[in-house]
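Open the model in your viewer and keep the sequence panel beside it. This tour tells you what to select at each stop and what you will find there.

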Amino acid sequence: MYRKGYIVFYSCNKGEIVTRSRKFEIEEGQYFYVGSCGRSCSDRISRHMRKCKNKFWHVDYLTDLCTPLGSLILPIEEREIVKMFKGLRVVHRFGNGDDRESEGHLFLGRMKDIIILALEKVSVK
């Protein structure tokens with residue numbers, strides 16, 4: 001099955017995100033989370049936008065401290081998107097349980113800058 005990647009942008013307050021197994025310190029600022037989806041990108045992303053949900057994945061806990069701003073679906077896989085942002089500040093081990101090659105899937109970065117960078121690097125055919 002063809003899988004696409006997506007980015008969800010958040011505005012976060014300073015604080016601590018506590019999941020079932022870990023704690024993550026978050027500074028105030030704009031963050032973006034990189035994930036993957038198949039045919040149900042809209043369902044997956046709308047879940048990330050909702051405040052009320054059963055918490056299962058790391059990203060489900062973000063809305064405790066963060067407000068979703070928007071999203072971007074890209075025609076490339078999640079791991080390739082993460083590679084585009086190598087060198088940016090990352091929340092270590094956040095959301096990358098199935099991708100041990102990367103440091104994490106939650107990055108600190110301004111929405112405008114990330115959208116421009118992503119679109120410059122993605123060749124849309």
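The stops below go through a hairpin, a helix, the cysteines and some aromatic rings of this predicted model.

**Stop 1: a hairpin**

Select residues 15–18, which are strand β2, and residues 23–26, which are strand β3. The two strands pair in the antiparallel sense, over four bridges. Now look at the link between them: β2 is joined to β3 by a hairpin of four residues. For one bridge in detail, pick Glu16; its partner in β3 is Glu25.

**Stop 2: helix α1**

Select residues 41–49 to show helix α1. Which residues of this helix are buried? They are Cys41, Ile45, Arg47 and His48. Turn the view until you look down the axis of α1: the buried residues fall within an arc of 150°, so they line one face of the helix. On the other side of α1 you will find Ser42 and Asp43, which are exposed.

There is a general point behind this view. An α-helix has 3.6 residues a turn, so residues three or four places apart point the same way.

Next, add strands β1 (4–12), β4 (29–37) and β5 (66–74) to the selection. The buried residues of α1 pack against these three strands.

**Stop 3: two residues of the helix**

Select Arg47, which has its place in helix α1. Is Arg47 buried or exposed? Its relative accessible area is 17%, and the cut-off for buried is under 20%, so Arg47 counts as buried. Apart from neighbours within four places in sequence, Arg47 is in contact with Lys53, Asn54, Phe56, Trp57 and Asp60. Show these residues as sticks to see what surrounds the arginine.

Now select Asp43, also placed in helix α1. Asp43 has a relative accessible area of 53% and is exposed. To get a sense of distance, add Val18: the two residues are 25 residues apart in sequence, and their C-alpha atoms are 24 Å apart in space.

**Stop 4: the disulfides**

How many disulfides does the structure hold? It holds two.

Begin with Cys12 and Cys66, which form a disulfide with their sulfur atoms 2.1 Å apart. Cys12 lies in strand β1 and Cys66 in strand β5, so the pair ties together parts that are 54 residues apart in sequence. Look along the S-S bond of Cys12 and Cys66: the torsion is about 105°, so this disulfide is right-handed. Cys12 is buried, at 3% relative accessibility, and Cys66 is buried too, at 5%.

Then select Cys37 and Cys41, whose sulfur atoms are 1.9 Å apart in the other link. The disulfide of Cys37 and Cys41 is right-handed, with 65° about the S-S bond. Cys37 has a relative accessible area of 0% and is buried. Cys41, which you met in helix α1, is buried at 5% relative accessibility.

If you number the bonded cysteines of the chain in sequence order, the pairing reads 1-4, 2-3.

**Stop 5: a cysteine without a partner**

Select Cys52. Why does Cys52 form no bond to the closest cysteine sulfur? That closest cysteine sulfur is in Cys66, 16 Å from the sulfur of Cys52, which is too far for a bond. Cys52 is exposed, with a relative accessible area of 67%.

**Stop 6: aromatic rings**

Switch to the aromatic side chains; the structure holds seven aromatic pairs. One of them is formed by Tyr6 and Tyr33, with ring centres 6.5 Å apart and 50° between the planes, which makes the pair tilted. This pair links distant parts of the chain: Tyr6 is in strand β1 and Tyr33 in strand β4, 27 residues apart. Both tyrosines, Tyr6 and Tyr33, are buried.

Next select Phe9, Phe32, Phe85 and Phe107 together. These four form one aromatic cluster.

For the last view, select Arg44 and Trp57. The charged end of Arg44 sits over the ring of Trp57, 5.8 Å from the ring centre. Trp57 is one of the residues in contact with Arg47, so keep Arg47 on display while you look.

Technical notes: Residues numbered from 1 in each chain as written. Predicted model: local features only at pLDDT ≥ 70, side-chain atom pairs only at ≥ 80, totals over all residues. Heavy atoms only, no water. Pairing = 2+ DSSP bridges. Buried < 20%, exposed > 50% of the residue type's maximum accessible area, 1.4 Å probe, protein only. Arc of directions from axis to C-beta. Contact = heavy atoms within 4.5 Å. Disulfide = S-S within 2.5 Å. Phe/Tyr/Trp six-rings, centres within 6.5 Å; stacked < 30°, edge-to-face > 60°. Lys NZ or Arg CZ within 6 Å of the ring centre and 35° of its normal.
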